[in-house]
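Welcome! Here is a short briefing to read alongside the sequence and the model.

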Amino acid sequence: MGQSAPGVAPAAPAPVPGASSPGAAQPTPAPATPGTDAPTRGVTPDAQGEAGQQATQQPTGVPSTKGPAASKEEPLTLEQLVERARRTDARVEESEAELRRLQALQRQAHWAWFPKFETVVGFGGPIPEARNDGLGGPPTTEASLEGDWNFGELGVTFRAEANALLPLYTFGKLTALEKAGDQGPLIGAALRERAKDEAGFQAAQAFYGYQLAHAGLVQLGDVEKQLENAGKRINDLLEEESEQVSKVDTYKVNFFRQVVAARRSEARQGQALALAAIRMLSGAKPEEPLEIAEVDLPLEEGEFTPPSLEKALALAEQYRPELGAIQAGIAAREQEVIIRERAYYPDLGLVGFARFIHTTNATPQRSPFAFDPYNEASAGVGFAARGTFDIPIKNAQADQARAELDKLKAQQRLLQAAIRLEVTKTHGDLMTAIERARALTEAEKNAKRWSTAAYAAFDLGTGDTRELVDSFTAFAQASGDKAKSWHDVRVGIAALDRVTGTPPASR
């Protein structure tokens, strides 16, 4: 029912040997979630420490999020971004304008009883002379006679008249119209809330996409440091003419370095795209400095407890704004049916009129039996019944109103089923993402132990280059998958908030 701007969440490309590569920005259709610490890679504890201190390069146009040169502005948190998106997004502004229109229609419905004063005011001339004794007798001047070109004293005429009907009893039509009008603001408020929820969710997608890209850049920096250390060690062994390594091992390391450089470019593009989405959703101006707060993608133990599916379905039935909007629409259609069914009956009311005519060169008539189109001053009130006898048209309009009501009720049932399906899918995706993230977290720990042991063996001369490279590849793959999986969890939590009718929260 609403517009939707694409949510941006950089997705981790398939890792390559020796490199972890969360980076290329892609739209994320399904919910995912916030954060992880960028895992530290390294073949040895010392290398890991050096890698952790390495400054992450930022893409052009993307402000650094740390360091002494950072902006004095406070970093933009998820909560602040969501609040700004829910307030300034163009879809929200559009829905607020629609709400104001529906509120105006509500006022119009409540004032439908107010009389419509049909008023005519005119001034014109020239008017031929018209004189008599004022009692309807014959003309008293030759110029007053008709049928010749003697117009006598020319004059002008002024005319003003008004009439109105004040409804007193309409057989329930006015009451039904007021009740139908009252549903408009309810519909508008629900649609505005839906637009806010959509904007907030996409803000969360963009925020966590930025975090994923940033984590990918940090990971790639760690990998580059590891490859540099491994390359130096291989060169030292080659200079020592050790049989443990050969020139082929140097080619392998150089190959992995180029792959990392390519992945870094993708990650920069992903971060720039996520930042552009954040700017758009937050309403930031192009020249406005924007610093994004850093968060850890992995969730702490006990930080989030997913609700049961039954609880999520109950929340959606209670809070989804679309359900409230369509229920209000049904109530309005029911009142329309009442109006159409009562249209066969007339409106009873109080009628009033007033008329004033004055001509400067005509004698006002004092006799009540004299017709005087030139001068008149009269007014009156009375009771009247107003209606039309277009029965076939009224029958068709009543049938149309009933059909529209039945159609909306069918749409309500379809919407309820669609929301239940959406909640079920989103909840299932979130539970799967959580299980996957936990499994990949353990996998990364084991890969880290493997790479540490492989490097130690290689350094001591008891391990070969192939084992070292395989361990690097596994660790890079596990680290990238872990970051992406926790990103999916974070966005999945925001998606569950959206489908249950609650805005994404800072987690």
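The notes below cover strands, backbone features and a charged patch.

This is a predicted model, where local features need pLDDT of at least 70 and side-chain atom pairs count only at pLDDT 80 or more, while totals for chains, interfaces and linings use all residues. Residues are numbered from 1 along each chain as its sequence is written, and side-chain values use heavy atoms, with hydrogens and water left out.

**Strand pairing**
- Strands β5 (residues 155-169) and β6 (residues 347-359) run antiparallel and are joined by twelve bridges; strands are DSSP runs of E with at least two residues, and helices are runs of H or I with at least four, numbered from the N terminus.
- Two strands pair if DSSP finds at least two bridges between them.
- In this pairing, Ala162 stands opposite Ala354 in β6.
- β6 is also joined to β7 (residues 376-386) by eleven bridges, again antiparallel, and here Leu348 stands opposite Ala385 in β7.

**Backbone features**
- Gly125 and Pro126 are joined by a cis peptide bond, with omega about 0°, and Pro126 lies in strand β4 (residues 118-127).
- Phe171, a residue other than glycine, has a positive phi near 60°.
- Phe171 sits in the loop between β5 and α4 (173-239).

**Charged patch**
- Glu294, Asp296, Glu300 and Glu301 form a negative surface patch; patch residues have over 30% relative accessible area and no salt bridge (a side-chain nitrogen of Lys or Arg within 4 Å of a carboxyl oxygen of Asp or Glu), and like charges are joined within 9 Å.
- Glu294 belongs to the loop between α5 (247-282) and α6 (309-319).

Methods
Patches are made of residues with over 30% relative accessible area and no salt bridge: like charges are joined within 9 Å, nonpolar side chains (Val, Leu, Ile, Met, Phe, Trp, Tyr) within 5 Å. Accessible areas come from the Shrake-Rupley method with a 1.4 Å probe; for residues, only the protein chains shown count as cover. Lys and Arg count as positive and Asp and Glu as negative; His and the chain ends are not counted. The place of a charge is taken as NZ of Lys, CZ of Arg, CG of Asp or CD of Glu.
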